[in-house]
Amino acid sequence: MIKYHAQFLLDREKDSTTAKIRYRIKWEGNIVAFNLGYRVEVDKWSTDTQRCKINTTHGKKKIPANIINRKIQEYEAACENVFLSFQKEKSPCAEGFRIRFNTEIGKKTKEQKERKFFDIFDEFVKEESNFNQWTDSTIAKMQALKNHLLEFNVDTNFSFFTEKGLFEYQIFLQNELKFKNSTILKHFSFLKWFLRWATKKEYNSNNAYSFYKPKLKSTQKKIIFLTQNELKKLKEYKISEQKKYLERVRDVFLFQCYTGLRYSDVANLKKSDIKDGFIEITTVKTADSLIIEFNKFSKAIIDKYTETVFDDNLALPVITNQKMNEYLKELAELAEINEPIRETYYIGNKRIDEITPKYALIGTHAGRRTFICNALSLGIPVNVVMKWTGHSDYKAMKPYIDI
C-alpha cells in the first residue's frame with residue numbers, strides 16, 4: 001500500500017477557545033487537507049488520540065463528542081479506501097486524491113463542479129504526458145485536438161458528447177475541416193482517450209463515447225518504400241557541389257535503409273552504441289533492446305564518420321526530422337525516383353484518388369520501411385526481421401508481408 005501520513009489538526013484563531021478540525025494527509029511529496037465542518041472546544045480535544053474527549057459537547061450547538069468522533073473515523077476510513085483504490089494504479093496526484101476522497105465521503109468539491117472542460121483537458125495532457133513520457137509528436141497531436149474542439153465549440157462540456165453531439169462533431173471535422181476519414185478515426189481515438197481519463201477522474205459521467213463508433217469508410221494507408229533498384233539509384237546519384245548538403249542527409253537515410261532504425265533512434269545513436277560488428281541500442285519509441293548486425297553498406301557509413309566529432313557524442317550527422325524530410329524529397333526528385341503512386345482515401349462517402357510522384361512521398365520513415373520490405377523480398381524469415389526491427393507481433397508486420 002502507498003505510504004502516507006495523516007493527522008487531525010486544530011485551526012485555532014487568536015483568542016478563541018474553539019477551533020476548526022482539519023484533516024491533513026501527506027504522501028510522496030503531496031499534501032491535501034479537508035475541513036470536517038465542526039468546531040471543537042480546544043481544552044476538550046485530545047492531541048494523543050486525535051479525538052474529542054468522551055462525554056463532552058462542542059460549539060454553540062453543543063455537538064456531542066461521539067458524533068464528531070464518528071465523523072473523524074469516517075474520514076480515516078475514506079482515506080484508507082482511497083489509497084487502497086490506487087493500489088493497481090500509479091500513485092495519485094493531490095487533485096486526483098481530493099476528487100476520489102470527496103466522492104468516498106459523498107461530497108463533490110466546488111472545483112469539480114466549476115472547472116471548465118478545457119482546463120481539465122490541459123490537466124489531462126500535463127498528467128498523461130509526464131506519466132507516459134509522451135513524445136513531442138503526441139503532445140502536438142493533443143494540442144491539435146484541443147484546437148479543433150475550440151474551433152467547434154469554445155463552450156463545449158462533457159454533457160454535450162452524447163451520441164448526437166459526437167455525430168455533430170464528426171460532421172464538423174468532415175464538412176468544415178475537410179478531414180480524411182482515416183484522420184477523423186484517429187482523431188476520435190484521441191478524444192476517447194481524454195474522455196476515458198476524465199471519467200476515471202470523475203470529471204465526466206457521460207459514457208456515450210464508449211459506444212460511439214463513426215461509420216466511415218477508410219483504406220489501408222499505402223506503405224512508401226524504395227525498391228532495390230530505387231535504392232541503388234539513390235545511392236549512386238552524383239550530388240553536385242551546389243547540393244553538398246544533401247550528402248549527409250543521404251548517408252543517414254541509407255543507414256536507416258540498411259539497419260531498419262527509426263529516425264528517433266538514428267538521431268539518438270551514440271558512438272558508444274557502435275560495437276564490433278553490430279549496434280546495441282534501446283529504442284526511443286518502445287524502449288526495446290535491439291542488437292543489429294552491420295552489413296557492408298551500414299558499416300561503410302559508420303566508418304565514414306568515425307573520426308568526425310558531433311555534439312553529444314552522436315554517431316551520425318542527423319538534422320531535424322522536418323528538415324531531413326524536406327531534403328529527402330529534393331534528393332529523391334533529383335535521383336528520378338518518380339514512379340506515379342496512386343493513393344485512395346475518403347472524405348465522408350466521397351472517394352478521392354490522387355496520383356503523386358514517389359519522391360514527394362518520401363520521408364525518414366521510408367528508410368525503415370525500405371529495410372523491412374527489401375529484407376522480406378530477399379527471403380529473410382519474418383521472425384528474424386521482427387527481431388531486428390523490434391516489432392512485437394505478427395499483425396504489425398502483415399502489411400509489409402502483403403507487399
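Before starting on the loop at Thr 56, I note that helices (H or I, at least four residues) and strands (E, at least two) are DSSP runs, numbered from the N terminus. I also keep in mind that this is a predicted model.

**Entry 1, Thr 56.** I looked up Thr 56 and found that residue in the loop between strand E5 (51–52) and strand E6 (57–58). Its relative accessibility is 15%, and since buried means under 20% relative accessible area, I entered Thr 56 as buried. Leaving out residues up to four places away in sequence, I listed Lys 44, Ile 63, Pro 64 and Ala 65 as the residues that Thr 56 touches.

**Entry 2, the sheet of E1, E2 and E3.** I then turned to an open sheet of 3 strands, which I read in the order E1-E2-E3 with antiparallel pairing. Strand E1 (5–12) and strand E3 (30–41) are at its edges, and each has a single partner strand, so one side of each is left without a neighbour in the sheet. Direction ignored, I noted that neighbouring strands of this sheet are turned by 25° against each other on average. Between E1 and strand E2 (residues 18–27), which run antiparallel, I recorded 8 bridges, and I saw that Leu 10 stands opposite Ile 21 in E2.

Which helices did I find packed on this sheet? Helix H1 (residues 65–85) lies across E1, E2 and E3 and runs at about 165° to E3. Helix H2 (residues 94–104) also packs on the sheet, where H2 touches E2 and E3, and the direction of H2 makes about 40° with that of E3.

**Entry 3, Asp 11.** Staying with strand E1, I looked up Asp 11, which has its place in that strand. With a relative accessible area of 29%, Asp 11 is partly exposed. Not counting residues up to four places away in sequence, I found Asp 11 touching Ala 19, Lys 20 and Arg 22, and for Arg 22 I could add a polar contact of 2.9 Å between its side chain and that of Asp 11. I also took the C-alpha separation between Asp 11 and Asn 268, which are 257 residues apart along the chain, and obtained 54 Å.

**Entry 4, Asn 206.** I located Asn 206 in the loop between helix H7 (181–200) and helix H8 (228–236). Is Asn 206 buried or exposed? At 16% relative accessibility, I counted Asn 206 as buried. A polar atom of the Asn 206 side chain lies 3.0 Å from the backbone oxygen of Phe 161. With neighbours within four places in sequence set aside, Asn 206 is in contact with Phe 158, Ser 159, Phe 161 and Thr 162.

**Entry 5, H9 against H12.** Helix H9 (residues 245–259) packs with helix H12 (residues 321–334) at an angle of about 95°, and I noted their axes as 10 Å apart. Angles of 65 to 115 degrees count as roughly perpendicular, and I therefore described H9 and H12 as roughly perpendicular to each other. On the H9 side the contact includes Tyr 245, Leu 246 and Phe 253, and on the H12 side it includes Met 324, Tyr 327 and Leu 334. By class, I divided the residues of this contact into 10 nonpolar, 1 polar and 2 charged.

**Entry 6, the hairpin of E10 and E11.** Last, I looked up strand E10 (residues 340–347) and strand E11 (residues 350–357), which run antiparallel and are joined by 8 bridges. Pro 340 has Pro 357 in E11 as its bridge partner. The hairpin has 2 residues between the strands, and there I noted a positive phi near 65° for Gly 348.

Key. Residues are numbered from 1 along each chain as its sequence is written. This is a predicted model: local features need pLDDT of at least 70, side-chain atom pairs count only at pLDDT 80 or more; totals for chains, interfaces and linings use all residues. Side-chain values use heavy atoms; hydrogens and water are left out. Axes are lines fitted to C-alpha atoms, for helices over the stretch in contact, and angles run from 0 to 180 degrees between N-to-C directions. Angles under 35 degrees count as roughly parallel, over 145 as roughly antiparallel, 65 to 115 as roughly perpendicular and the rest as oblique. Contact means heavy atoms within 4.5 Å. Ala, Val, Leu, Ile, Met, Phe, Trp, Tyr, Cys and Pro count as nonpolar, Asp, Glu, Lys and Arg as charged, and the others, Gly among them, as polar. Buried means under 20% relative accessible area, exposed over 50%, partly exposed in between (1.4 Å probe, protein chains only). Two strands pair if DSSP finds at least two bridges between them. A polar contact is a pair of N or O atoms within 3.5 Å; within protein, one must be able to donate a hydrogen and the other to accept it, and residues adjacent in sequence count only if both atoms are side-chain atoms.
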